[in-house]
Amino acid sequence: MRGLLDRLSREDPDFKADIRSNRVGQSLVMNPFEVDPEADIVRTLVAAHRQVTGSELKVGDVAPYKFYGTDASHLARAGMIGVVYGPGGAFNTMPDERVALKDLKDAARVYARTIVQTCL
């Protein structure tokens, strides 16, 4: 990873990255995180979701609460705003976990719209 980051840094002087261990003792730590619902990235994601699906996005703690893996807390600790968004719901956290193909395609469209809007 360091070699790749070094190469990218040589190719693009504005590119900055660092790799740090996330280990505390022998376990990985996933801290809680919180994002202001009025943050630009949240508003952009909500608008993209509405444009793609025609429905309103639930923002904040959405029940039923489940443990899942996300890099959002690691990004937050590094000073970046992370959000948790993606397809799922009906078949999560069970044997043969899966998502509906339509939901996966919708999420990809939401990601694309959010990226384009954010990078303008």
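# A guided tour from helix H2 to helix H4

Read along the sequence, this protein chain runs in the order α-β-β-α-α-α. There are four helices and two strands, where helices (H or I, at least four residues) and strands (E, at least two) are DSSP runs numbered from the N terminus. The model is predicted: local features need pLDDT of at least 70, side-chain atom pairs count only at pLDDT 80 or more, and totals for chains, interfaces and linings use all residues. Residues are numbered from 1 along each chain as its sequence is written, and side-chain values use heavy atoms, with hydrogens and water left out.

**Stop 1: the whole chain**

Start with the surface switched on. The protein chain exposes about 9500 Å², of which carbon and sulfur atoms supply 56%; accessible areas come from the Shrake-Rupley method with a 1.4 Å probe, and for residues only the protein chains shown count as cover. Of the 120 residues, 15% are buried. Here buried means under 20% relative accessible area, exposed means over 50%, and partly exposed lies in between (1.4 Å probe, protein chains only). Now think about contacts, meaning heavy atoms within 4.5 Å. Among the contacts with a separation of 6 or more, 57% are between residues 24 or more positions apart.

**Stop 2: helix H2**

Select residues 40–53, which form helix H2. The expected span of a helix is 1.5 Å times one less than its number of residues. For the 14 residues of H2 that gives 20 Å, and the end C-alpha atoms are 20 Å apart, so the two agree. Just after H2 comes Gly 54, with a positive phi near 75 degrees.

Which residues of H2 are buried? They are Val 42, Thr 44, Leu 45, Val 46, Ala 48 and His 49. An α-helix has 3.6 residues a turn, so residues three or four places apart point the same way. Helix H4 (101–119) is included in what covers the buried residues of H2.

**Stop 3: Arg 43 and Thr 44**

Stay in H2 and pick out Arg 43. Arg 43 is partly exposed, at 45% relative accessibility. Leaving aside neighbours within four places in sequence, Arg 43 is in contact with Pro 37 and Glu 38. Its side chain reaches the backbone oxygen of Glu 38 at 3.4 Å. That is a polar contact: a pair of N or O atoms within 3.5 Å, where within protein one must be able to donate a hydrogen and the other to accept it, and residues adjacent in sequence count only if both atoms are side-chain atoms.

Next select Thr 44, also in helix H2. Thr 44 is buried, at 18% relative accessibility. A polar atom of the Thr 44 side chain lies 2.8 Å from the backbone oxygen of Asp 40. Apart from neighbours within four places in sequence, Thr 44 is in contact with Thr 114, Gln 117 and Thr 118.

**Stop 4: across to Thr 114**

Follow that contact to Thr 114, in helix H4. Thr 114 counts as buried, with 8% relative accessibility. Not counting residues up to four places away in sequence, Thr 114 touches Ile 41, Thr 44, Leu 45 and Ala 48. To see how the chain comes back on itself, draw a distance from Arg 43 to Thr 114: their C-alpha atoms are 9.6 Å apart, with their positions 71 residues apart along the chain.

**Stop 5: the largest nonpolar core**

Show Leu 45, Ala 48, Tyr 85, Ala 107 and Val 110 together, the five residues of the largest nonpolar core. Such a core is a set of buried Ala, Val, Leu, Ile, Met, Phe, Trp, Tyr and Cys residues joined through side-chain atoms within 4.5 Å. H2 and H4 are the elements that give two or more residues to this core. Within it, focus on Val 110, which is in contact with Leu 45, Ala 48, His 49, Val 52 and Tyr 85, leaving aside neighbours within four places in sequence.

**Stop 6: the tyrosine pair**

Keep Tyr 85, which is buried with a relative accessible area of 18%, and add Tyr 111, which is partly exposed at 36%. How many aromatic pairs does a search of the whole structure find? It finds one. The ring centres of Tyr 85 and Tyr 111 are 5.8 Å apart and the planes are at 85 degrees, so the pair is edge-to-face. Rings of Phe, Tyr and Trp (its six-membered ring) pair if their centres lie within 6.5 Å; planes under 30 degrees apart count as stacked, over 60 as edge-to-face and the rest as tilted. Tyr 85 lies in the loop between H3 and H4 and Tyr 111 in helix H4, so the pair ties together parts 26 residues apart in sequence.

**Last stop: Asp 96**

Finish at Asp 96, in the loop between helix H3 (72–77) and H4. Although Asp 96 is not a glycine, its phi is positive, about 60 degrees. At 59% relative accessibility, Asp 96 is exposed.
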